[in-house]
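Work through the exercises below with the sequence and the coordinates at hand. Each task is followed by a solution in steps.

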Amino acid sequence: MTINKFETEISTLKKFYEVYCKDKHINQESKTITLIYNEKIFSIELNLCEECNKAINYSFIKLQNCPHEIKPRCRVCPKPCYEKQEWKNTAKVMKYSAIKLSLGKIKSRILKIFD
């Protein structure tokens with residue numbers, strides 16, 4: 001996977017987990033984590049509860065170790081690396097956040113029409 005693709009993937013995970021955690025949990029704390037991929041260092045500021053922090057770190061580890069040159073979507077991967085329960089939890093976060101972010105975009109477009 002290219003460095004740009006890796007950066008896109010970690011940004012997406014960050015955004016989705018922060019939306020989910022903000023709406024569903026309390027006690028978020030700000031943490032900075034460092035990831036290394038293909039000798040490039042990524043520093044990420046996360047604002048998550050402990051449960052979501054553990055889940056996103058699991059996802060980051062799996063992403064760093066993805067064996068595919070061209071990364072497929074995890075749900076269609078021929079050799080999935082996520083444990084079943086972690087996959088279900090991540091899918092729940094992704095689904096919730098995707099819907100919420102999409103509704104926000106639709107709302108802003110409608111408001112622009114009436115401005």
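**Exercise 1.** Classify Ser43 as buried or exposed, and state which element holds Ser43.

Solution. The model is predicted, and the relative accessible area of Ser43 in it is 58%. The cut-off for exposed is over 50%, so Ser43 is exposed. As for its place, Ser43 belongs to strand β2, residues 40-48. One further distance can be added: the C-alpha atoms of Ser43 and Ile33 are 5.8 Å apart, with these positions ten residues apart along the chain.

**Exercise 2.** Where does Asn27 lie, and what is the sign of its phi? Treat Asn38 in the same way.

Solution. Begin with the background: most residues other than glycine have a negative phi. Asn27 has phi near 65°, a positive value in a residue that is not glycine. Its place is the loop between α1 and β1, the strand of residues 29-37. With a relative accessible area of 60%, Asn27 is exposed.

Next take Asn38. Its phi is about 50°, positive although Asn38 is not a glycine. Asn38 is found in the loop between β1 and β2. The relative accessibility of Asn38 is 51%, so Asn38 counts as exposed.

**Exercise 3.** How many aromatic pairs does a search of the whole structure find? Describe the pair of Tyr20 and Tyr96, then the pair of Tyr58 and Tyr82.

Solution. The search gives five aromatic pairs. In one of them, Tyr20 and Tyr96 have ring centres 5.5 Å apart and planes at 85°. Planes over 60 degrees apart count as edge-to-face, so the pair of Tyr20 and Tyr96 is edge-to-face. This pair links distant parts of the chain, Tyr20 in helix α1 (residues 3-24) and Tyr96 in helix α3 (residues 84-113), 76 residues apart. For burial, the cut-off is under 20% relative accessible area. Tyr20 has 8% relative accessibility and therefore counts as buried. Tyr96, at 27%, counts as partly exposed.

The rings of Tyr58 and Tyr82 also form an edge-to-face pair, with 5.5 Å from centre to centre and 70° between the planes. Here too distant parts of the chain are linked: Tyr58 is in helix α2 (residues 50-64) and Tyr82 in the loop between α2 and α3, 24 residues apart. Tyr58 and Tyr82 are both buried.

**Exercise 4.** Which aromatic cluster includes Phe42, and which charged end sits over the ring of Phe42?

Solution. The cluster is made up of Phe6, Tyr37 and Phe42. The charged end is that of Lys40, placed over the ring of Phe42 at 5.3 Å from the ring centre.

**Exercise 5.** How many salt bridges does the count give? For the bridges Glu9 with Lys5, Glu18 with Lys14, and Lys100 with Asp23, state the N to O distance.

Solution. As background, side chains of opposite charge can pair when their charged atoms come close. The count comes to four salt bridges, including the three treated here.

1. Glu9 and Lys5 are joined by a salt bridge with an N to O distance of 2.9 Å. These residues are four apart in helix α1, which means a separation of about one helical turn. Lys5 is partly exposed, at a relative accessible area of 33%.
2. Glu18 and Lys14 form a salt bridge of 3.0 Å, N to O. Both are in helix α1, four residues apart, or about one turn of the helix. Glu18 counts as partly exposed at 21% relative accessibility, and Lys14 is partly exposed at 24%.
3. Lys100 and Asp23 meet in a salt bridge of 2.5 Å, N to O. This pair links distant parts of the chain, with Lys100 in helix α3 and Asp23 in helix α1, 77 residues apart. Lys100 is partly exposed at 38% relative accessibility, as is Asp23 at 31%.

**Exercise 6.** At what angle do α1 and α2 pack, and how far apart are their axes?

Solution. Two packed helices are described by the angle between their axes and the distance between the axes. For α1 and α2 the angle is about 165° and the axes are 11 Å apart. Angles over 145 degrees count as roughly antiparallel, so α1 and α2 are roughly antiparallel to each other. The crossing of α1 past α2 is right-handed.

Note on methods. Residues numbered from 1 in each chain as written. Predicted model: local features only at pLDDT ≥ 70, side-chain atom pairs only at ≥ 80, totals over all residues. Heavy atoms only, no water. Phe/Tyr/Trp six-rings, centres within 6.5 Å; stacked < 30°, edge-to-face > 60°. Helix = DSSP H or I, 4+ residues; strand = E, 2+ residues; numbered from the N terminus. Buried < 20%, exposed > 50% of the residue type's maximum accessible area, 1.4 Å probe, protein only. Lys NZ or Arg CZ within 6 Å of the ring centre and 35° of its normal. Salt bridge = Lys/Arg side-chain N within 4 Å of Asp/Glu carboxyl O. Axes fitted to C-alpha atoms, helices over the stretch in contact; angles between N-to-C directions. Parallel < 35°, antiparallel > 145°, perpendicular 65-115°, else oblique. Left-handed = near helix turned anticlockwise from the far one by under 90°.
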